[in-house]
Amino acid sequence: MPEGYVVHADARRFAEALAGRVVRAASPQGRFASGAAVLDGRVLREAQAFGKHLFLRFSGSADGARYLHVHLGLIGAWTWWDAGRAQTAGRPLLAAGDSGVRLRLTGAGGVSAELRGATVCELVDEHAVDTVVAALGPDPIRADSDEDGSRAWRRVRGSRTPIGTLLLDQSVVAGAGLIWRCEAPFLAAVSPHRPGRELGEQEWATLWRELRRIMRAAVDHRPEEFSLFRRGGEPCLRCGTPIEVARLGGRPVWWCPRDQPR
DNA sequence: CTCACATGTTAAG
DNA sequence: TTAACCTGTGAGC
């Protein structure tokens, strides 16, 4: 389920609900038992998201492995509980229980977060965090990212790769996934099939501006519907032309052949 | 019960 | 380009 906006929303929730507090950590499923034992009883100091990567900084010596690094992959998710009630919006409520819970973090107030299905769940030091972040392109959601899109543009402008594929490359733009690689080109009236090098600078500026706007909005309000995503064959909301779907870079892409000519 | 599928990434062919 | 991996859900038999 998770693109970058989901990870940013989780980071915000960690910051609001658990930061500054002693946290109990457990791994009922057992696959992160040693890491949970290390974290148990520490204070969560900070929560940050870079693209689809979540980093939780815990109390501990500066040169130690005090960061929890999580990447949800395709099916991972955090489920939030408050006083026994599931709080995860937009997703069917899970029954309470330990099934599949690789890590449960519980604050003194009773709020807890359960991690299931993640691709990455590990304890790392600051240097490892820097290495991961350094490999990422600018994250449109972060305030400290590429304001005008010029950094990402340097990767796009000379590339023969389709823009719809470049948007999925985390070293070009961090945090976008299948949804935004379709929605943003639609809003910018750019075909996802066009090579990066064939985009005009103004088209890229529009695309980047729209990316930032819709990804940031999604952090605040989890979107339920999209203009194109998974709407193959349905009429385009703008012009009524049937939305097309194909595979691009091995994964599906949707576009309006009229509003986004090649 | 089994199977396909999910907003992702990596490694192998 | 394909397969494998992480886990839960819903459709179909």
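## Pairing in the sheet

Two strands count as paired here if DSSP finds at least two bridges between them. Keep that in mind for this predicted model, where strand β3 (residues 53-58) and strand β4 (residues 67-71) pair over 5 bridges, in the antiparallel sense. If you want a spot to look at, find Arg 57, which stands opposite Tyr 67 in β4.

Now zoom out a little. β3 and β4 belong to an open sheet of 4 strands, with the order β2-β3-β4-β9 and antiparallel pairing. At the edges sit β2 (44-50) and β9 (120-124), each pairing on one side only. Going from one strand to the next, the twist averages 15°. As a general reminder, strands of a sheet pair through backbone hydrogen bonds, either parallel or antiparallel.

## Helices on the sheet

Which strands does helix α1 touch? Helix α1 (residues 4-17) packs on the sheet against β2 and β3, and its direction makes about 165° with that of β2.

Helix α3 (residues 126-134) packs on the sheet too, touching β2, β3, β4 and β9. The direction of α3 makes about 160° with that of β3.

## Around DNA strand B

How many residues surround DNA strand B? There are 16, and the closest are Met 1, Lys 52, Gly 177, Arg 230 and Arg 251. On the DNA side, sugar and phosphate make up 56% of the atoms of strand B that come within 4 Å of the protein. Sorted by class, the protein surface near strand B has 8 nonpolar, 4 polar and 4 charged residues.

A few polar contacts are worth clicking on. Arg 251 uses its side chain: one of its N or O atoms there is 2.9 Å from a phosphate oxygen of DNA strand B. Gly 73 works through its backbone, with an N or O atom 3.3 Å from a sugar or linking oxygen of strand B. Leu 74 also has a polar backbone atom 3.3 Å from a sugar or linking oxygen of DNA strand B.

## A look at Arg 258

Arg 258 is in the segment after β11 (251-255). Is this residue buried or exposed? Its relative accessible area is 59%, so Arg 258 counts as exposed, the cut-off being over 50%.

Exposed or not, Arg 258 has partners from elsewhere in the sequence. Leaving aside neighbours within four places, Arg 258 is in contact with Cys 239 and Thr 241. Ile 243 is 15 residues away from Arg 258 in sequence, and their C-alpha atoms are 9.1 Å apart in space.

Methods: Residues are numbered from 1 along each chain as its sequence is written. Chains are lettered from A and ligands numbered from 1 in the order in which they are written. This is a predicted model: local features need pLDDT of at least 70, side-chain atom pairs count only at pLDDT 80 or more; totals for chains, interfaces and linings use all residues. Side-chain values use heavy atoms; hydrogens and water are left out. A residue is near a molecule or strand if one of its heavy atoms lies within 4 Å of it. A polar contact is a pair of N or O atoms within 3.5 Å; within protein, one must be able to donate a hydrogen and the other to accept it, and residues adjacent in sequence count only if both atoms are side-chain atoms. Ala, Val, Leu, Ile, Met, Phe, Trp, Tyr, Cys and Pro count as nonpolar, Asp, Glu, Lys and Arg as charged, and the others, Gly among them, as polar. Helices (H or I, at least four residues) and strands (E, at least two) are DSSP runs, numbered from the N terminus. Buried means under 20% relative accessible area, exposed over 50%, partly exposed in between (1.4 Å probe, protein chains only). Contact means heavy atoms within 4.5 Å. Axes are lines fitted to C-alpha atoms, for helices over the stretch in contact, and angles run from 0 to 180 degrees between N-to-C directions.
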